[in-house]
Amino acid sequence: MAIYENKRKKKKGKTTMWIVILVVFVVIIITAGAGILFTSGERKEGLNLKISSTDFKNLKDGTYIGEYAGGKYKWRANKVQVTVSSGKVTDINLLLNKENRPAEFTDKLFGRVIESQSLQVDAISGATITSKAYLKSVEDALDKADE
């Protein structure tokens with residue numbers, strides 16, 4: 001009789017363990033789904049963000065500040081300082097950002113803009129929305145340099 005009760009306890013323990021695992025799995029799935037739904041508007045807005053084809057040939061020399069509000073939840077708000085010298089963009093500095101991207105990220109993105117003298121550059125892989133947000137603030141600065 002004791003052997004039968006031990007087997008029953010082990011079986012009941014395994015069943016309880018699987019129920020706990022299932023509950024944890026369901027909670028994780030629900031949380032992930034809610035997160036995806038919550039951020040979908042921000043992602044959609046960022047992916048649809050249009051960067052204009054600013055004419056780099058008409059830029060006036062000077063230092064200009066550009067900002068992007070950051071989208072629906074302001075997660076990607078940023079501010080840049082763009083330097084135009086001899087009619088060309090020569091330097092772009094990030095003054096403010098809500099995301100803590102490493103300097104290599106912005107150096108690479110802003111380097112592409114300076115090298116091509118265009119805002120129509122490839123986004124950083126894996127950070128398309130953030131790249132567009134930074135380019136949008138550069139566009140804002142260059143709009144002031146084009147006035």
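Strands here, E2 and E3 among them, are DSSP runs of at least two residues, numbered from the N terminus. With that settled, open the model, which is a predicted one, and start at a turn.

**Stop 1: Ser 86.** Select Ser 86, in the loop that links E2 and E3. Check its backbone: phi is near 55°, a positive value in a residue that isn't glycine. Most residues other than glycine have a negative phi. Is the Ser 86 side of things buried or exposed? Ser 86 is exposed, at a relative accessible area of 64%.

**Stop 2: the sheet.** Now colour the strands on either side of that loop. E2 and E3 run antiparallel and are joined by 8 bridges. For one spot along the pairing, pick Asn 78, which stands opposite Asn 97 in E3. Bring in E1 and you have an open sheet of 3 strands, ordered E1-E2-E3 with antiparallel pairing. E1 (62-68) and E3 are the edge strands; each has a single partner, so one side of each lacks a neighbour in the sheet. On average, neighbouring strands are turned by 20° against each other, direction ignored.

**Stop 3: the helices on the sheet.** Show H2 and H3 next. H2 packs on the sheet, touching E2 and E3, and its direction makes about 155° with that of E3. H3 packs there too, touching E1, E2 and E3, with its direction at about 135° to that of E1.

**Stop 4: along H2.** Zoom in on H2: 14 residues, reaching 20 Å from first C-alpha to last, close to the 20 Å expected at 1.5 Å a residue. Select Phe 105, Thr 106, Leu 109, Phe 110 and Val 113, which are buried. Look down the axis and these buried residues fall within an arc of 105°, so they line one face of the helix. They pack against E2, E3 and H3. Flip to the other side for Glu 104, Asp 107 and Glu 115, which are exposed. Just past the end of H2, Gln 117 has a positive phi of about 50°; Gln 117 lies in the loop between H2 and H3.

**Stop 5: the core.** Finish inside. The largest nonpolar core has 23 residues, and those touching the most other members are Val 82, Val 84, Val 89, Ile 92, Leu 119, Val 138 and Leu 142. E2, E3, H2 and H3 each supply at least two residues of this core. Which element gives the largest share? H3 does, with 6 residues. Last, centre on Ile 92: beyond its neighbours within four places in sequence, Ile 92 is in contact with Val 80, Gln 81, Val 82, Phe 110, Val 113, Ile 114 and Val 138.

Note on methods: Residues numbered from 1 in each chain as written. Predicted model: local features only at pLDDT ≥ 70, side-chain atom pairs only at ≥ 80, totals over all residues. Heavy atoms only, no water. Core = buried A, V, L, I, M, F, W, Y, C linked by side-chain atoms within 4.5 Å. Buried < 20%, exposed > 50% of the residue type's maximum accessible area, 1.4 Å probe, protein only. Helix = DSSP H or I, 4+ residues; strand = E, 2+ residues; numbered from the N terminus. Contact = heavy atoms within 4.5 Å. Expected span 1.5 Å × (residues − 1). Arc of directions from axis to C-beta. Pairing = 2+ DSSP bridges. Axes fitted to C-alpha atoms, helices over the stretch in contact; angles between N-to-C directions.
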